[in-house]
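Here is a short tour for anyone who likes to look at a fold before setting up a calculation. Keep the viewer open and follow along.

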Amino acid sequence: MPDCRNTLRFMMPWLIIIVLVTVLDQMTKALAVAQISHGGRFEVTPFFDLVLAFNRGAAFSFLAEHSGWQRWFFAVLGLAVSVWLLALIWQHRFERLQPFAFSLVTGGALGNVIDRFTHGAVVDFLSFHAGPHYWPAFNLADSAITLGVGLIIVDQFRAKKDTKPRPENPK
């Protein structure tokens, strides 16, 4: 049985990142809900607006038009993925990049799960566009998830490169 103090010692930096991402995500969403009316738009730059949208579905509003079952499905899925990622953080505890990436994804997933429980939908408020062409609105949690997944992919390519057989030195 693992020693709890050692477990906590290895997990603490990653747990702090998870909490920071989740708290920052919730704080920014609370500000958006308090300051922007639903469907409202506040132009920050010619290509970036602050908006307030509630996404009842997943990425790009996938399944958003359904009757409400998706709220609970995505909440349970987010919690299950978070538990799995905590196990992966422990498994990769002697590395740096993978646990960091898993922590970003976990913090983002938990931020969106909290939204599903408190608002019935994920709060999105960041909107980028090029003229009339808009990217779907998103939030800090989505950004953390995207960055974390990107780092996981980069690390996989890096690991694959490191494990290539090396040619022997000719004499």
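The report below goes from the overall fold to the strands, the salt bridges, the nonpolar cores and one loop residue.

## Overall fold

Please keep in mind that this is a predicted model. The chain contains four helices and four strands, and their order along the sequence is α-β-β-α-α-β-β-α. There are 171 residues, and 35% of them count as buried.

Two further totals help to set the scene. Among contacts with a separation of 6 or more, 67% are between residues 24 or more positions apart. The accessible surface of the chain is about 11,000 Å², and carbon and sulfur atoms make up 69% of that area.

## Strands and their partners

Let us begin with the hairpin. Strand S1 covers residues 41-45 and strand S2 covers residues 48-55; the two run antiparallel and are joined by four bridges. Two residues lie between S1 and S2 in this hairpin. Thr45 sits opposite Phe48 of S2, while Arg41 has Val51 of S2 as its bridge partner.

S2 also pairs with strand S3, residues 122-130, again in an antiparallel arrangement, through six bridges. One place to find this pairing in the viewer is Asn55, whose bridge partner in S3 is Val122. As a general reminder for reading such a sheet, side chains in a regular strand alternate between the two faces.

## Salt bridges

The model has four salt bridges. Which residues are linked in a network of salt bridges? They are Asp25, Lys29 and Asp115. In the Lys29 and Asp25 bridge, the closest N and O atoms are 2.8 Å apart. These two residues are about one helical turn from each other, because they are four residues apart in helix H1, which spans residues 4-35. The bridge between the side chains of Lys29 and Asp115 has an N to O distance of 2.6 Å. That pair connects distant parts of the chain, with Lys29 in helix H1, Asp115 in helix H3 and their positions 86 residues apart. Lys29 and Asp25 are both buried, and Asp115 is buried as well.

Another salt bridge joins the side chains of Asp49 and Arg41, at 3.1 Å from N to O. Are its two ends buried or partly exposed? Asp49 has a relative accessible area of 3%, so this residue counts as buried. Arg41 has a relative accessible area of 49%, so this residue counts as partly exposed; the cut-off for exposed is over 50%.

## Nonpolar cores

In soluble globular proteins, nonpolar side chains tend to be buried together. In this model, the largest nonpolar core has 14 residues, and those with the most contacts inside it are Ile17, Val21, Leu85, Ile89, Phe102 and Leu104. Helices H1, H2, H3 and H4 (140-162) each contribute at least two residues to this core. H1 gives the largest share, five residues.

Phe102 is a handy residue to centre the view on. Leaving aside residues up to four places away in sequence, Phe102 touches Leu85, Leu88, Ile89, His92 and Ile152. Apart from the largest core there is another one, with eight residues, including Ala32, Phe48, Leu52 and Phe138. Phe48 has already appeared above, as the residue of S2 opposite Thr45.

## A closer look at Glu95

Where is Glu95 placed? Glu95 lies in the loop between helix H2 (69-91) and helix H3 (97-119). With a relative accessibility of 34%, Glu95 counts as partly exposed, because the range for that class runs between the buried limit of under 20% and the exposed limit of over 50%.

Which residues does Glu95 touch, not counting those up to four places away in sequence? They are Trp14 and Asp155. The side chain of Glu95 also makes a polar contact with the side chain of His92, at 2.8 Å. His92, in turn, is one of the residues touched by Phe102.

How values were computed:
Residues are numbered from 1 along each chain as its sequence is written. This is a predicted model: local features need pLDDT of at least 70, side-chain atom pairs count only at pLDDT 80 or more; totals for chains, interfaces and linings use all residues. Side-chain values use heavy atoms; hydrogens and water are left out. Buried means under 20% relative accessible area, exposed over 50%, partly exposed in between (1.4 Å probe, protein chains only). Contact means heavy atoms within 4.5 Å. A polar contact is a pair of N or O atoms within 3.5 Å; within protein, one must be able to donate a hydrogen and the other to accept it, and residues adjacent in sequence count only if both atoms are side-chain atoms. Accessible areas come from the Shrake-Rupley method with a 1.4 Å probe; for residues, only the protein chains shown count as cover. Two strands pair if DSSP finds at least two bridges between them. A nonpolar core is a set of buried Ala, Val, Leu, Ile, Met, Phe, Trp, Tyr and Cys residues joined through side-chain atoms within 4.5 Å.
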